[in-house]
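This report describes the fold of one protein chain, starting with its strand pairings and ending with its overall dimensions.

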Amino acid sequence: MDNQLNQNLNTADLNGIHEYSELLSDILKFRARGEVPMALVRTYGCQQNVADSEKLKGMLKEMGCDFTEDENEADIIIFNTCAIREHAEDRVFGNVGALKNIKRRHPSLIIALCGCMMEQEHIAERIYKSFSFVSLVFGTHEIHNFPKLLYSTITENHRIVARGNDDGIIHENIPTLRDGTFKGWLSIMYGCNNFCTYCIVPYVRGRERSREPEVIMQEARDMIAAGYKDITLLGQNVNSYGKTLESKKTFASLLADIAELDGDFRLRFMTSHPKDLSNELIDVIASHDKICNHIHLPFQSGSDRILKLMNRHYDRKRYMEIVNYAKEKIPNLSLTSDIIVGFPGETYEDFQQTLSLIKEVEYTSLFTFIFSPRVGTPAAKMDDPIPYEEKSKWFSELLKVQEEIAAKRCESMVSKTYRVLVESAKPNGELTSRTEENIIVEFEGSEDLIGTFQNVEVTKARNWILKGKLV
Ligand code: 5AD
Ligand code: SF4
């Protein structure tokens with residue numbers, strides 16, 4: 001049948017997402033085990049990957065697919081992978097290996113792997129050699145080509161690897177199926193030019209490029225009109241937004257423009273690199289109610305020596321200047337950060353400086369990672385004498401310090417009233433919601449409230465989660 005279809009089609013006339021999707025809707029329906037072809041898209045890693053998966057799902061929907069979480073029910077399985085740390089990659093390898101038996105039971109199943117891992121040549125090669133049941137491998141620069149690649153692998157019945165093609169172009173108008181109905185991501189830029197010495201992202205996501213402000217504004221308007229209440233602007237370093245545009249536009253002015261749109265919504269953004277954060281941005285946050293009083297501002301290490309080795313382009317003094325200015329301007333500011341423990345050459349004294357910075361800033365929460373060497377990055381070649389077990393001890397020490405800080409902050413919120421966005425219902429009947437500061441508050445209430453803003457008085461603090469009651 002595949003060959004028959006292939007003969008009937010003139011592929012030379014085809015280049016667009018919609019054309020291939022239309023053809024695939026017949027093919028996938030024919031191959032499906034049930035009435036409707038079922039797709040499973042599993043996302044590993046960061047919000048950028050979540051946003052990419054929403055595009056994959058948008059295209060799959062256009063091909064007539066429905067979605068499942070059950071591997072045994074799927075006609076097509078896509079793993080959108082993450083390369084940020086070795087642990088993330090190991091999980092993918094393990095989970096792909098486990099698909100072998102499913103493919104054996106259902107030979108018509110199509111298995112595709114995409115995302116950051118696939119942009120690394122050695123990984124793509126290993127996947128191709130080790131997992132013959134994987135039909136399609138494509139990198140982050142090929143998302144817009146997904147329908148075409150899928151069409152080729154099915155109709156020509158051969159395995160495809162498509163990667164390493166950073167054309168620097170932003171492909172707009174890819175169909176998107178967002179996971180949430182009231183919380184959503186809005187990508188404002190792609191790629192990264194910073195080359196922090198530990199980080200694989202610039203190698204797998206290519207050079208920084210910003211979307212045109214008009215396109216972003218339209219997408220924001222569409223999201224607000226569709227009922228989105230919590231919108232997060234996404235980029236590897238949002239503070240350098242606009243540098244690749246012909247028109248001069250800063251992130252601060254883009255954020256202000258979106259915050260000035262009509263509608264009842266709130267705005268967040270991530271990630272902010274301290275080296276590019278301007279006072280203008282802090283002033284914009286301070287002067288717009290719709291922009292959350294929350295900044296995710298990764299400092300990575302409290303030691304100037306390590307920050308230099310990381311190629312971060314700021315020191316502790318500059319970081320604290322930003323923090324102090326932001327705290328002064330933005331009432332109840334909530335700061336969160338990423339931290340790496342055990343960077344090559346880091347001593348216990350360097351680590352103590354990270355601890356002292358955490359205590360000085362008093363973060364709401366932290367994303368903490370033990371250094372993981374990434375092939376091709378400068379840090380992977382640096383001398384790294386501290387054993388992993390020792391780094392793990394430092395890591396635990398850090399978590400303990402942060403727990404106390406978070407508990408103190410939560411304690412200080414008791415008896416106060418906050419406007420929260422209700423997100424979901426727990427099995428015990430309680431609702432889960434989030435404050436502007438990005439802190440979770442649980443309270444009793446009806447499921448009808450999901451997706452709405454409510455005022456909740458905090459009654460109790462339990463470590464980093466609050467309990468409250470509807471006002
Ligand atoms: N090892 C450990 N953590 C890393 N991160 C990025 N690369 C590595 C690595 N090689 C962390 C940084 C970054 C976050 C997204 O992941 O803290 O901000
Ligand atoms: Fe990686 Fe640094 Fe770019 Fe963030 S800014 S994605 S840590 S290279």
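In this predicted model, strands S1 (residues 38-43) and S2 (residues 66-67) run parallel and are joined by two bridges. Within this pair, Ala39 stands opposite Phe67 in S2. Helix H3 (residues 47-62) belongs to the same stretch: S1, H3 and S2 make a right-handed β-α-β unit. S1 also pairs in the parallel sense with strand S3 (residues 76-81), over five bridges. Here Leu40 is the residue of the pair that faces Ile77 in S3.

A further pairing involves strands S16 (residues 430-435) and S17 (residues 440-444), which are antiparallel and share five bridges. Arg434 stands opposite Ile440 in S17. The pairings are listed below.

| Strands | Sense | Bridges |
|---|---|---|
| S1 and S2 | parallel | two bridges |
| S1 and S3 | parallel | five bridges |
| S16 and S17 | antiparallel | five bridges |

S16 and S17 are also part of a closed barrel of five strands, in the order S15-S16-S17-S19-S18, with mixed pairing. From one strand to the next, the twist averages 50°.

Turning to the whole chain, the protein has 15 helices and 19 strands. Its radius of gyration is 23 Å, close to the 23 Å that the globule rule gives for 471 residues, so the chain is as compact as a globular protein of that length. The C-alpha trace spans about 70 × 55 × 50 Å along its principal axes.

Of the 471 residues, 55% are buried. Among contacts between residues at least 6 apart in sequence, 75% join residues at least 24 apart. The chain exposes about 20800 Å², of which carbon and sulfur atoms supply 49%.

Definitions and conventions
Residues numbered from 1 in each chain as written. Chains lettered and ligands numbered in written order. Predicted model: local features only at pLDDT ≥ 70, side-chain atom pairs only at ≥ 80, totals over all residues. Heavy atoms only, no water. Pairing = 2+ DSSP bridges. Helix = DSSP H or I, 4+ residues; strand = E, 2+ residues; numbered from the N terminus. Axes fitted to C-alpha atoms, helices over the stretch in contact; angles between N-to-C directions. Right-handed = clockwise from strand over helix to strand, strands pointing away. Rg over C-alpha atoms; globule rule 2.2 N^0.38 Å. Buried < 20%, exposed > 50% of the residue type's maximum accessible area, 1.4 Å probe, protein only. Contact = heavy atoms within 4.5 Å. Areas by Shrake-Rupley, 256 points an atom, 1.4 Å probe, with all protein chains shown as cover.
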